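Here is a friendly walk through a few spots that are worth a look on screen. Please keep the viewer open while you read.

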Amino acid sequence: MDGKKMVTVKIDGHEIQTERGTPIIKLAAKLGIYIPTLCHNDFVEPYGSCRVCSVEMRRGKRKRLVTACNYPAQDGEEIYTDTEWVRENRKLILELLLARCPEVPIIKEMAAAYGVTETRFEKLYSDCINCGLCVRICSEVVGANAIGWAGRGVNREVTTPFEIDSQACIGCGACAAVCPTGRIHIEPLWALKEGEPREFTLGPASAIYIPTYQAVPKVPVIDPTACIHFKTGGCKICEHVCEPKAIDHNQEERWEEFEVGQILLTTGYELFNPVVMKQYGYGRFDDVYTSLEMEYMFNASGPTNGRILMKNGQEPRSIGIVHCVGSRDVNYHPYCSRICCMYALKFAHLIRDRSEAKIYQFYIDMRAFGKGYEEFFTRILDEGVNVIRGRVAEVVKASPDKANDGKLLIRCEDTLVHRFREIPVDMVILCSAIEPQRDADRLQRLFSLSRSPDGFFLEKHPKLDPTATPTDGVYIAGCCQGPKDIPDTVAQASSAAARILANIARGVVEVAPILAYIDPEICAGCRLCLQLCPYGAIEYLEDKGISQVNEALCKGCGTCVSSCPSGASTQRHFRDDQIWAEIEGLLLDRR
Amino acid sequence: MKKLKVEDLSKIKEKRIKERQLSEAGPYRARIVVHLGTCGLSAGAQSILETFESLVAQHPEAKAYILKCGCGGFCAREPMVQIETLGLEPVIYVDLKPKDVKTIFEEHVLKGSIVEAKRLSPEESFFARQQFLVLRNRGKIDPENIEDYIAQDGYMALAKVLTSMSPEQVIAEVKASGLRGRGGGGFPTGIKWETCRHAGEERKEERFVICNADEGDPGAYMDRSIIESDPHSVIEGMIIGAYAIGSRQGYVYIRKEYPIALEKLNIALAQAREYGLLGDNILGTGFSFDIEVHRGAGAFVCGESTALMASLEGRAGIPRAKYIHTVEYGLWNKPSCLNNVETWANIPIIINKGADWFTQIGTGDVTNNPWGGSKGTKVFSLTGKVKNTGLIEVPMGITLREIIFEIGGGIPNGKKFKTVQTGGPSGGFLPETLLDLPVDFDSLTEAGSMMGSGGMIVGDEDTCMVDMAKYFINFLLEESCGKCVPCREGLRAMHSILERITKGQGKEEDIEALQDLSKVMIQSSLCALGQSAPNPVLTSIRYFREEYEAHIQKKKCPAGVCPDLYEMTIIPELCSGCMVCARYCPTKAISGEKQKPHQIDRSKCIKCNVCYSLCKFNAIKKI
């Protein structure tokens, strides 16, 4: 439209200059004048169906009612948004709408604002005003075109093609979000799936989220698998509403290379998925949670606002906390996960704090080894938490005819009293084991590390050098090295950081002079040494077709030297001829 | 066929006239004009035609030929035939049955003596007051033969425009003629063309001309008849319009329910293309233009300009806000000039005879103000309770009385005139006191009705105004697109109130509620359908308020139409006891003995009105 010409209009006496063709409702919004409407939304093209936004337009002697949502202001026009005429017209329109939707709150409210509480016209008891916002946002913004119009006149209605479930619907919920009357609603399906990528399995997911509460930098990301824009090419509503214009849908993930001298690995752990331990019912019963899910529920900004709730929305009256799920178990992980005892006690304390529920702890040994830990345990005991020593055998649903209908039964042997016990609870918390990250082997190869039998990265020396690794310049800290709690992690990470800083402060790295050397004249490029070098110190130069030793990494172990079929690899200062000469010299003296 | 050049047109004309001239020496001495419009065909014209055809074949000595014409206009008396023979003036025969044909052929065509029994009386006033501009070729051409049209000066206007006039001159001529849109709005055609041309030139965009043949008003069939009988006049008008506006592509949006019109139109378009009157390089003048036909799918609202264009684009026919005019941003957002069939058909004659001639017909003065008067003629379909129903063309300014009582022949069965409804569902009812109202755009609008596309429905004393209003509201309720609240919800509310009133459950405040509804619909509906929808209700309240009050207060329907508001009764003094009513009463509600007054059992009576229409003694009354 050739709308670059500027025009001046007056709205309720306020003069405003604008481009020709700008709808009145936008100008009014700039002036802070409210014009009621039901069918207009900034994200879709104006439609002009509800007519509630009708305002009075005067030009010279002519005056008429125009719809503010789509009437393009012309030069010299005067607009009045709240005259007697406008109010009377609006009143009649709202009376008609009230006849159509006598029970819809927003219609009742708007009508009441114009003094209409009862309608003279035949009531229809519909909850859709045919404003078409849903249809328009679905086609114009989302681009899915899943819903449309059917019928004509009074029979006109919003529906899916042929009134069957539309395959085109992507379930984005945009229609429900814009629906003014609440006719359309979305029912969230809270799925709990194995291998769920995030910890957010307890709440509805959105395509835009902050990865974790402690994310650095703390900015939201867009999940391209869930974002409407990446599905249909439409939407971009977030881009429109973001005032600093920070959203760019064209941004892509990219690989960046950094050159560094030292690396600290803190890749953490993964939580053991208790689905595999069928006897504990995780994934089968509604109210069996892992410790991390519970942690999320306890969070005041979590899905339940910090309240402890069962799936049915009620507060549990009894909770069982099961220790050593997947740890200290020959079938899964023989090692102790070290942190469970203490956080289980913390859970008990938090639950005691927030609810009246009875708490049962099922443990094998209480491992409260840290500073102040034992005292905490004693305090929990004083708070009236039941502790039962014995590994839980299984969690089952209580049989419906018994008094404990609907509850979960925890079966175990109480080894202190030598009795088999069945304890009915509403909720079960499983203290899952700490596991190495599932891609630890990939990392191991990348950094030429070793792993202990439990799968965690192996340190250079368990007592004397617990943060370094056999690869120079690569350090480890935290749970990637083995299960540990926060104080231990902090201590280890600080020590690693200190080691790194010490190297940086020194400015140079001292290397022992005993190094391997591959003679480029002789090397045939067979790359046998590459596979054998335990330190990843040999690289193959594609362009020259030979292997070369990285002297900063070489430890002078001699593996490559002894294995080199062509004799190209030699040990500096310990060349064969040198050693022969030494031997010869020694033997000469004897003679 | 070789594409025509300008000079070929008059050659074809002369040749065709010579061919068809009646003379003793020539091939023909008699012409039988059979009217084969939809109205004629439904009255049985096809078998009349076939009978004539076999007779003509049997009697080559008669030297007669049959002209298969379009609508003859006098629908009430179809099938209708006009016979022209040498030495006799043309004679019109009406109300024909196949058995009459032989007599007429033998007597009139062979022997030259007129069959008076079937002849339309020369005194008949039906044709007397009419003036044929748009229907100028009525009874003269075969719509399937382009040469017939050319013989009647067809495409001469086009030749004149293409050879001797600039587009601006054409627009000026149309503006000077004062022609106003015949589709209902009455917008000055010349101004529309000028704006469209201007918008296109300013933005350097292509332009479209569109013919609105989506005639949907109940009781209106002017456009159908024009296309069926004289499609080339519409095509010629469109080509001239396209030249004036600077368009290369035209569309005809024709309603689905007009199969014969569509067929004739397609034949005409194919012929025009063959003769080089459509397509590239028309008449060798370098101007190119073609027309595409688009069929509607049955929605009344698609006659509204923006809905029509949406439908043409392939979208649902739903109007949009018209703050931006279609002449600037119409079809595919290009400048588009939409005119009604009748408007286009007016163009050739205006060009041929000139604006000055045209302005002599009609009312007012349009020299300075294009809205200052109504010029030319208007085609109406005269229907309802009137003797001579049919398609008529009258000069603007004729009074309603002249139309109904002179052309229409008054009300049949000795009933009294009550109302005339003009303008279709968007128009209004006019009472007897306004019978002397001149028929033009402004007088009708002032009286609360409108010219509309030309439907004219006459109601007699048996017409219930509330029921009629309800009929039109119900029609619109079904045909509203349902987009905007005032139209959709307003019509629903109106209909339920009228329904209530006709059932005898009306309330005192209902009339005020109807007026309130009308107000909001007029001032804030999105398109003209909603804005004009209350007219039938408003005019019926304005002129026949007492009937509403009778329904509401006395619970009576004075016209005896609303079944809940009257009772059948037999007046004993008038009843002769003939038993006819008793025999035909479907529910056996009437009882009585021969020669004695009968009685009606009201608990059984279903008010089917069979007895009422059968009684020869007017003994049955509705009370």
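The notes below cover two helix pairs, one bent helix and one glycine.

This is a predicted model, in which local features need pLDDT of at least 70, side-chain atom pairs count only at pLDDT 80 or more, and totals for chains, interfaces and linings use all residues. Residues are numbered from 1 along each chain as its sequence is written, while chains are lettered from A and ligands numbered from 1 in the order in which they are written.

**Helix pairs in chain B**

- Helix α8(B) (residues 189–203) and helix α10(B) (residues 231–245) have axes that come within 9 Å and cross at roughly 45°.
- That angle makes α8(B) oblique to α10(B); under 35 degrees counts as roughly parallel, over 145 as roughly antiparallel, 65 to 115 as roughly perpendicular and the rest as oblique.
- On the α8(B) side, W193(B), C196(B), R197(B) and G200(B) meet G241(B), A244(B) and I245(B) of α10(B); contact here has C-beta atoms, placed from the backbone, within 7 Å.
- These contact residues divide into 4 nonpolar, 2 polar and 1 charged (Ala, Val, Leu, Ile, Met, Phe, Trp, Tyr, Cys and Pro are nonpolar, Asp, Glu, Lys and Arg charged, and the others, Gly among them, polar).
- For helix α7(B) (residues 167–177) and helix α13(B) (residues 341–353), the axes come within 10 Å and cross at roughly 100°.
- The crossing makes α7(B) roughly perpendicular to α13(B).
- E173(B), V174(B) and S177(B) of α7(B) make this contact with I347(B), I350(B) and I351(B) of α13(B), a set of 4 nonpolar, 1 polar and 1 charged.

**The bent helix α4(B)**

- Helix α4(B) (residues 98–111) has 14 residues and reaches 19 Å from its first C-alpha to its last, close to the 20 Å expected at 1.5 Å a residue.
- A kink of about 30° is centred on I104(B).
- I104(B) is also among the buried residues of α4(B), alongside V101(B), F105(B), H108(B) and V109(B) (buried takes 20 or more other C-beta atoms within 10 Å, exposed 12 or fewer, and partly exposed lies in between).
- Those buried residues pack against β1, α3, β2, β3 and β4 of chain B.
- Just after the helix, G112(B) takes a positive phi of about 80°.

**A glycine in chain A**

- G326(A) lies in the loop between β13 (318–325) and α9 (340–354).
- G326(A) counts as buried because it has 23 C-beta neighbours inside 10 Å.
- Leaving aside neighbours within four places in sequence, G326(A) is in contact with residues including F272(A), P274(A), Y332(A) and S432(A).

Definitions and conventions: Axes fitted to C-alpha atoms, helices over the stretch in contact; angles between N-to-C directions. Helix = DSSP H or I, 4+ residues; strand = E, 2+ residues; numbered from the N terminus. Contact = placed C-beta atoms within 7 Å. Expected span 1.5 Å × (residues − 1). Bend = angle between axes of the 7 residues up to and from the residue.
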